[in-house]
Amino acid sequence: MKLELLRKQLNSGIFPHAYLFSGSDEAGKETAIELILKHFFGESWNLNPDFMEIRNDPITIEDVRALKSRAYSAPLVGNKNVFLVRSLENLSREAAPALLKVLEEPPQSLIILAETKNRSSILPTLKSRFSQLIFAGVPREAIEPTKEIDSALWYFEKKTKKSPNQQNID
């Protein structure tokens with residue numbers, strides 16, 4: 001459903017200048033990011049000079065200054081500069097105001113993709129400048145029952161079969 005929304009936005013040409021992908025579903029976030037990157041740059045998006053990725057820990061003021069410098073320059077090959085900021089929660093205190101400035105006054109050729117596992121660790125003023133999509137993962141226990149769950153279910157079934165008329169009150 002989220003990917004369908006992204007496709008519709010991209011195909012219509014009406015989309016926000018900044019996306020924040022959050023949550024524990026790494027595969028979902030990566031699929032959304034690749035969908036956008038392939039839309040603008042094709043299959044070899046990672047080789048495009050209009051693409052820049054930041055994945056430092058911490059993300060420093062120098063990283064954001066480099067992004068800002070390129071953001072306000074014309075794209076070299078296409079019509080968009082696309083930046084991917086990995087683990088936005090690693091943004092340093094000094095870098096946050098600089099990124100906020102770019103998000104508040106973005107050039108038309110700019111798209112910023114940011115991802116985080118912990119959306120609550122992002123400053124509210126930054127979050128408010130992004131279009132946010134949450135990718136929540138399915139807990140492993142929901143897919144593969146553990147031995148503890150299996151034995152608890154077995155015990156419950158056995159107990160229920162012994163006394164079917166007895167009601168359990170929790």
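# A walk through the five-stranded sheet

Begin with the open sheet: its 5 strands pair in parallel and follow the order E2-E3-E4-E1-E5. At the two edges you will find strand E2 (51-54) and strand E5 (131-134), each of which pairs on one side only. From one strand to the next, the twist averages 15 degrees. Keep in mind as you go that this is a predicted model.

**Stop 1: the whole chain**

Zoom out and colour by secondary structure. The chain contains 7 helices and 5 strands. Reading from the N terminus, the elements run α-β-α-β-α-β-α-β-α-β-α-α. Now switch to a colouring by accessibility: of the 170 residues, 36% count as buried. If you like contact maps, here is a number for yours: among contacts with a separation of 6 or more, 77% are between residues 24 or more positions apart.

**Stop 2: strand E4**

Select residues 110-116, which make up strand E4. How many of the residues of E4 are buried? The count is 7 of 7, and the strand is mostly covered. Turn on the side chains and look along the strand. In a regular strand the side chains alternate between the two faces of the sheet. In E4, Leu110, Ile112, Ala114 and Thr116 point one way, while Ile111, Leu113 and Glu115 point the other way. Glu115 is worth a click of its own, as a residue of E4 that is buried along with the others.

**Stop 3: the neighbours of E4**

Add strand E3, residues 81-85, to your selection. E3 and E4 are parallel and share 5 bridges. To see one of the facing positions, pick Val82, which stands opposite Ile111 in E4.

Next, add strand E1, residues 18-22. E1 is also parallel to E4, and 5 bridges join the two. Here you can pick out two facing positions: Ala18 is opposite Ile112, and Tyr19 has Leu113 as its bridge partner in E4.

**Stop 4: strand E1 and on to the edge**

Stay on E1 and hide everything else for a moment. Which residues of E1 point which way? Ala18, Leu20 and Ser22 point to one side, Tyr19 and Phe21 to the other, and all are buried. With 5 of its 5 residues buried, E1 is therefore largely enclosed by the rest of the structure.

Now bring back E5, which pairs with E1 in the parallel sense over 4 bridges. Tyr19 is a handy residue to centre on: its bridge partner in E5 is Ser131, and its bridge partner in E4 is Leu113.

**Stop 5: helices H1 and H2**

Select residues 2-12 for helix H1 and residues 26-41 for helix H2. Two packed helices are described by the angle between their axes and the distance between the axes. For H1 and H2, the axes come within 10 Å and cross at roughly 15 degrees. That angle is under the 35 degrees cut-off, and the two helices are therefore roughly parallel to each other. Their crossing is right-handed.

Show the side chains where the helices meet. From H1, take Leu3, Leu6, Arg7, Leu10 and Asn11; from H2, take Thr31, Ala32, Leu35, Ile36, His39 and Phe40. What is the make-up of this contact in nonpolar, polar and charged residues? It divides into 7 nonpolar, 3 polar and 1 charged.

**Stop 6: two backbone details**

Most residues other than glycine have a negative phi, and most peptide bonds are trans. Two places in the loops depart from this pattern.

For one, go to the loop between E2 and H3, where Pro58 is found. The peptide bond from Asp57 to Pro58 is cis, with omega near 5 degrees.

For the other, move to the loop between E3 and helix H4 (95-104) and click on Ser87. Ser87 is not a glycine, yet its phi is positive, at about 50 degrees. Its relative accessibility is 23%, so Ser87 counts as partly exposed.

**Last stop: Leu123**

Finish in the loop between E4 and helix H5 (124-127), where Leu123 lies. Is Leu123 buried or partly exposed? At 45% relative accessibility, Leu123 counts as partly exposed. Draw a distance from its C-alpha to that of Ala96: the two are 8.4 Å apart in space and 27 residues apart in sequence.

Definitions and conventions
Residues are numbered from 1 along each chain as its sequence is written. This is a predicted model: local features need pLDDT of at least 70, side-chain atom pairs count only at pLDDT 80 or more; totals for chains, interfaces and linings use all residues. Side-chain values use heavy atoms; hydrogens and water are left out. Axes are lines fitted to C-alpha atoms, for helices over the stretch in contact, and angles run from 0 to 180 degrees between N-to-C directions. Angles under 35 degrees count as roughly parallel, over 145 as roughly antiparallel, 65 to 115 as roughly perpendicular and the rest as oblique. A crossing is left-handed if the near helix is turned anticlockwise from the far one by less than a right angle, and right-handed if clockwise. Contact means heavy atoms within 4.5 Å. Ala, Val, Leu, Ile, Met, Phe, Trp, Tyr, Cys and Pro count as nonpolar, Asp, Glu, Lys and Arg as charged, and the others, Gly among them, as polar. Buried means under 20% relative accessible area, exposed over 50%, partly exposed in between (1.4 Å probe, protein chains only). Two strands pair if DSSP finds at least two bridges between them.
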